[in-house]
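Welcome, and please open the model in your viewer. We will take a short walk through it, one selection at a time.

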Amino acid sequence: MALTVLQCEQWIRLTLGGSPDPVLSTLQLVNMTGKHFVSMTSWRYLEGVEATLDTVLSQTWLALPANFKSPIALYGATSNAAIEWTTREALNEMRAQSTPAGTGGYTYAVVETVAATGSTPPTTRLAIFPPSSTTASAVYRMVYRAGWANLTADATYVPIPVWGENLFETLLMAFARGLQREEQGSTDKRLEEIARGRIFRNALHDDRTKQPEHGRIQGAIAQRRRRWRVWPFSGHSTGP
């Protein structure tokens, strides 16, 4: 049965024996629990999520999905949209050149996190070179490992598989008691016990057996299928 934020409040009331402190809302507890849940292990159900990336004229970066955690593969949505991974150092060198060399038709990319400014929170995005030459939708496709995107409404469903609900509810109660009943045991101690327990092992087993292997993914970071590439910061070709 799918779990909603409102249903999570019932589990919080159950473990606390009453209403939680209004300073710490149910949504806050659910989001804290969700972030911990997705970081407990490399869940296979979070692999292989795919999204399209849009370009904005002259912009030096591409927006990533709200639940993006780490990239798996990146490729152009059409044959005219060639894109390759590079390093932060190489990207900075390309941008620093007073007269940038040609890129051989490729766009080069690296994931970056921009610090908070004013009311804008820290943002993870895809830095690119050269800047986008047009504003267009679905220019690139990215396969990525999903993380946790904060829930904002009580009626929202918690985005976890049915087989993970028991673990999520157990973690939720641990956060609630650890933060509001600290004298009965710290949050860290409770979470450590869960990570060593049967409930986590059962969830891990279900995750591994539902998707034993994804196989090779086209455009994955570890794969370099193109025989030759031109590095724009040197102007030289490199072999495979």
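Before we set off, keep in mind that this is a predicted model.

**Stop 1: the sheet**

Start by selecting strand S2, residues 61-63, and strand S6, residues 123-129. The two run antiparallel and are joined by three bridges. Zoom in on Trp 61, and you will find Ala 127 of S6 standing opposite.

Now widen the view to the whole sheet. It is open and has four strands, in the order S2-S6-S5-S4, with mixed pairing. Which strands form the edges? They are S2 and S4, the latter covering 82-85, and each of these pairs on one side only. Going from one strand to the next, the twist averages 40°.

Add helix H3, residues 88-96, to the selection. H3 packs on the sheet, where it touches S6 and strand S5 (106-114). Compare directions, and you will see H3 making about 55° with S6.

**Stop 2: a threonine in helix H4**

Next, select helix H4, residues 165-180, and pick out Thr 170 within it. Is Thr 170 buried or exposed? Its relative accessibility is 18%, under the 20% cut-off, so Thr 170 counts as buried.

Show the side chain of Thr 170: one of its polar atoms lies 2.8 Å from the backbone oxygen of Asn 166. Setting aside neighbours within four places in sequence, Thr 170 is in contact with Ile 194 and Ile 199.

**Stop 3: H4 with H5**

Keep H4 on screen and add helix H5, residues 187-195. Two packed helices are described by the angle between their axes and the distance between the axes. For H4 and H5, the angle is about 160° and the axes are 8 Å apart. The pair is therefore roughly antiparallel, and H4 passes H5 in a right-handed crossing.

To see where they meet, display side chains on both helices. On the H4 side, the residues include Leu 167, Thr 170, Leu 171 and Phe 175. From H5 come Thr 187, Arg 190, Leu 191 and Ile 194.

**Stop 4: H4 with H2**

Finally, hide H5 and bring in helix H2, residues 26-39. How do H2 and H4 cross? Their axes come within 9 Å and cross at roughly 120°, which means that H2 is oblique to H4. This crossing, too, is right-handed.

Among the H2 residues that meet H4 are Leu 29, Val 30, Met 32 and Phe 37. Their partners in H4 include Phe 168, Leu 172, Ala 176 and Gln 180.

How values were computed
Residues numbered from 1 in each chain as written. Predicted model: local features only at pLDDT ≥ 70, side-chain atom pairs only at ≥ 80, totals over all residues. Heavy atoms only, no water. Pairing = 2+ DSSP bridges. Axes fitted to C-alpha atoms, helices over the stretch in contact; angles between N-to-C directions. Contact = heavy atoms within 4.5 Å. Buried < 20%, exposed > 50% of the residue type's maximum accessible area, 1.4 Å probe, protein only. Polar contact = N/O pair within 3.5 Å; in protein donor to acceptor, adjacent residues only side chain to side chain. Parallel < 35°, antiparallel > 145°, perpendicular 65-115°, else oblique. Left-handed = near helix turned anticlockwise from the far one by under 90°.
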